[in-house]
Amino acid sequence: MTSIAGLPDFLLYLGTAVGLTGLYLAVYTLATAHNELALIRRDVAAASVALGGSLIGFTLPLAVAIYNARSVLDCLVWGLVALVVQIAVYWLVRLVLPDLSRRIEEDRIAAAVLLGAASLAGGVLNAASMTY
C-alpha cells in the first residue's frame with residue numbers, strides 16, 4: 001500500500017490549505033467596503049469577478065507555499081504572507097479607484113476586472129517570489 005503512504009501528509013496540507021482559504025475569504029470580505037457574498041447572491045457579476053480574481057490570486061501562492069514547505073508551519077507562515085499581499089493589492093487598487101466598492105456594487109464590470117487582474121498579478125508575483 002505504498003501508493004497511499006503519503007495520505008496523512010496530503011490530508012494535513014489539504015486541511016491547512018482549506019483552513020487558510022476560509023480565513024482568507026473571511027478577512028478579505030471584512031477588509032472590503034462592500035459585501036461580496038450579498039452582492040453575488042443578488043447576481044452582481046462584478047462582485048463575482050473581483051472576488052474570483054482575488055481568490056485565485058491567493059490560492060496560487062498558497063499552492064507554491066505547499067509545494068515548497070518544509071513543514072506545516074512553513075505553509076502556514078507563507079499562506080499568511082499571501083493573505084497580507086492580497087489585502088494590500090485590494091487597498092492599492094482602492095487608492096487608484098477610491099470609489100471601487102461603489103462601482104462593484106453598481107455592477108460596473110471594468111472596476112471588478114481591474115481588481116481581479118491586479119489580484120491575479122499580485123498572486124503570480126507573490127508565488128514567483130516564494131523561492132525559499
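I call a residue buried under 20% relative accessible area, exposed over 50% and partly exposed in between, with a 1.4 Å probe and protein chains only. With that cut-off, 36% of the 132 residues of the protein count as buried.

The model is predicted: I take local features at pLDDT of at least 70 and side-chain atom pairs only at pLDDT 80 or more, while totals for chains, interfaces and linings use all residues. Residues are numbered from 1 along each chain as its sequence is written, and side-chain values use heavy atoms, without hydrogens and water.

**Overall**

I looked up the secondary structure and found 6 helices and 0 strands. Helices here are DSSP runs of H or I with at least four residues, strands are runs of E with at least two, and the numbering starts at the N terminus. The order along the sequence reads α-α-α-α-α-α. I noted a span of about 55 × 30 × 20 Å for the C-alpha trace along its principal axes.

The accessible surface comes to about 7200 Å², and carbon and sulfur atoms hold 71% of that surface. The areas come from the Shrake-Rupley method with a 1.4 Å probe, and for residues only the protein chains shown count as cover.

For contacts I use heavy atoms within 4.5 Å. Among contacts with a separation of 6 or more, 77% join residues 24 or more positions apart.

I then checked the charges, counting Lys and Arg as positive and Asp and Glu as negative, with His and the chain ends left out. Each charge is placed at NZ of Lys, CZ of Arg, CG of Asp or CD of Glu. The 7 positive and 8 negative charges have mean positions 6 Å apart.

**Helix H1**

H1 has 25 residues and runs 35 Å from first to last C-alpha, close to the 36 Å expected at 1.5 Å a residue. The expected span is 1.5 Å times one less than the number of residues. Its buried residues are Tyr 13, Thr 16, Ala 17, Leu 20, Thr 21, Tyr 24 and Tyr 28. The cover over these residues includes H2, H3, H4 and H6.

I looked at two H1 residues in turn. Ala 17 counts as buried at 12% relative accessibility. Beyond four places in sequence, Ala 17 touches Leu 62 and Ile 66. The C-alpha atoms of Ala 17 and Ile 66 are 8.1 Å apart, with their positions 49 residues apart in sequence. Thr 21 is buried too, at 18% relative accessibility. Setting aside neighbours within four places, Thr 21 contacts Leu 55, Phe 58, Thr 59 and Leu 62.

**Helix H4**

H4 covers residues 72-96, which is 25 residues, and reaches 37 Å between its end C-alpha atoms, close to the expected 36 Å. I listed its buried residues as Asp 74, Cys 75, Gly 79, Ala 82, Leu 83, Gln 86, Ile 87, Val 89, Tyr 90 and Val 93. Their cover includes helices H1 (7-31), H3 (45-68), H5 (100-105) and H6 (109-129).

**Ser 54**

Ser 54 lies in H3 and has a relative accessible area of 0%, so I enter it as buried. Which residues does Ser 54 contact, leaving aside neighbours within four places in sequence? I found Tyr 24, Tyr 28, Gln 86 and Ser 119. Ser 54 and Val 96 are 42 residues apart along the chain, with C-alpha atoms separated by 17 Å.

**Nonpolar core**

A nonpolar core is a set of buried Ala, Val, Leu, Ile, Met, Phe, Trp, Tyr and Cys residues joined through side-chain atoms within 4.5 Å. The largest one holds 29 residues, and Tyr 28, Phe 58, Leu 62, Leu 100, Ile 104 and Leu 115 touch the most other members. H1, H3, H4, H5 and H6 each give two or more residues to this core. In soluble globular proteins, nonpolar side chains tend to be buried together.

I followed up Ile 104. Apart from neighbours within four places in sequence, Ile 104 contacts His 34, Leu 39, Val 44, Ala 46, Ala 47, Ala 50, Ala 112 and Leu 115.

**Positive phi**

Asp 43 is not a glycine, yet its phi is positive, near 70°. Asp 43 sits in the loop between H2 (36-41) and H3. Is Asp 43 buried or exposed? Asp 43 is exposed, because its relative accessible area is 67%.

Asp 107, also not a glycine, has a positive phi of about 60°. Asp 107 is in the loop between H5 and H6, and I enter it as partly exposed at 34% relative accessible area.
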